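Visitor: I have a model open and would like to learn how to read its surface features. Could you walk me through it?

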Amino acid sequence: MTEPDAPEPTPEQAALFARVRRLMLIAGLTTALAVAAVLIAVGYRLFRTEGSAVASDITTTLPKGARIVSTGVAGDRLVVTLDIGGSVEIRTFDARTLKPTGRLRFASEP
């Protein structure tokens with residue numbers, strides 16, 4: 001049996017084939033670049049942990065007779081408002097580590 005021979009393309013057809021190959025190469029490179037960008041972004045987010053928060057049990061003591069009035073979150077801080085014997089105190093903690101970051105006391109003037 002003889003194999004059918006493909007006829008030689010005309011110059012117009014050869015130019016069209018070259019143009020299609022070039023366009024497919026551009027599309028393939030663009031797709032590869034987009035996939036690489038997504039993988040880099042995902043990898044960056046996964047490996048940029050900045051000491052991710054570890055679940056821990058922390059107990060802090062309150063002054064005798066104190067009660068918690070309210071709690072809230074402000075940015076990366078946990079804010080706790082306390083009523084201590086009639087005076088108000090605000091304590092702030094780092095939301096990631098739960099370490100105390102500040103204390104604000106309110107007292108009435110004599």
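Visitor: By class, how many nonpolar, polar and charged residues does the lining of the largest pocket have?

Guide: Happy to help, and keep in mind that this is a predicted model. To read a lining, sort its residues by class. Here the lining has nine nonpolar, three polar and one charged residues.

Visitor: Which residues lie nearest the centre of the largest pocket?

Guide: Of the 13 lining residues, Thr 60, Leu 78, Val 80, Phe 93 and Leu 98 lie nearest the centre. The space in this pocket comes to about 230 Å³.

Visitor: Which element supplies the largest share of the lining?

Guide: That is β2, with three residues. At least two residues each come from β1 (66-74), β2 (77-84) and β3 (87-94).

Visitor: Now the outside. Which residues form a nonpolar patch on the surface?

Guide: Look for Leu 16, Phe 17, Val 20 and Met 24, which together have about 400 Å² of accessible area. Met 24 sits in helix α1, residues 11-47.

Visitor: Why is Met 24 called exposed?

Guide: The general idea is a cut-off: exposed means over 50% relative accessible area. Met 24 has 58%, so it counts as exposed.

Visitor: And is Ala 41 buried, partly exposed or exposed?

Guide: Ala 41 also belongs to helix α1. Its relative accessible area is 43%, so Ala 41 is partly exposed, as the class in between runs from 20% to 50%.

Visitor: How far apart are Ala 41 and Thr 59 in sequence and in space?

Guide: They are 18 residues apart in sequence, and their C-alpha atoms are 38 Å apart in space.

Methods: Residues are numbered from 1 along each chain as its sequence is written. This is a predicted model: local features need pLDDT of at least 70, side-chain atom pairs count only at pLDDT 80 or more; totals for chains, interfaces and linings use all residues. Side-chain values use heavy atoms; hydrogens and water are left out. On a 1 Å grid over the protein atoms alone, a cavity is a set of points where a 1.4 Å probe fits but cannot get out, and a pocket is an open set with protein on both sides within 12 Å along at least five of seven lines; lining residues have an atom within 4 Å of a point. Grid points are joined across faces, edges and corners, and a volume is the space filled by probe spheres set on the points. Helices (H or I, at least four residues) and strands (E, at least two) are DSSP runs, numbered from the N terminus. Ala, Val, Leu, Ile, Met, Phe, Trp, Tyr, Cys and Pro count as nonpolar, Asp, Glu, Lys and Arg as charged, and the others, Gly among them, as polar. Patches are made of residues with over 30% relative accessible area and no salt bridge: like charges are joined within 9 Å, nonpolar side chains (Val, Leu, Ile, Met, Phe, Trp, Tyr) within 5 Å. Accessible areas come from the Shrake-Rupley method with a 1.4 Å probe; for residues, only the protein chains shown count as cover. A salt bridge is a side-chain nitrogen of Lys or Arg within 4 Å of a carboxyl oxygen of Asp or Glu. Buried means under 20% relative accessible area, exposed over 50%, partly exposed in between (1.4 Å probe, protein chains only).
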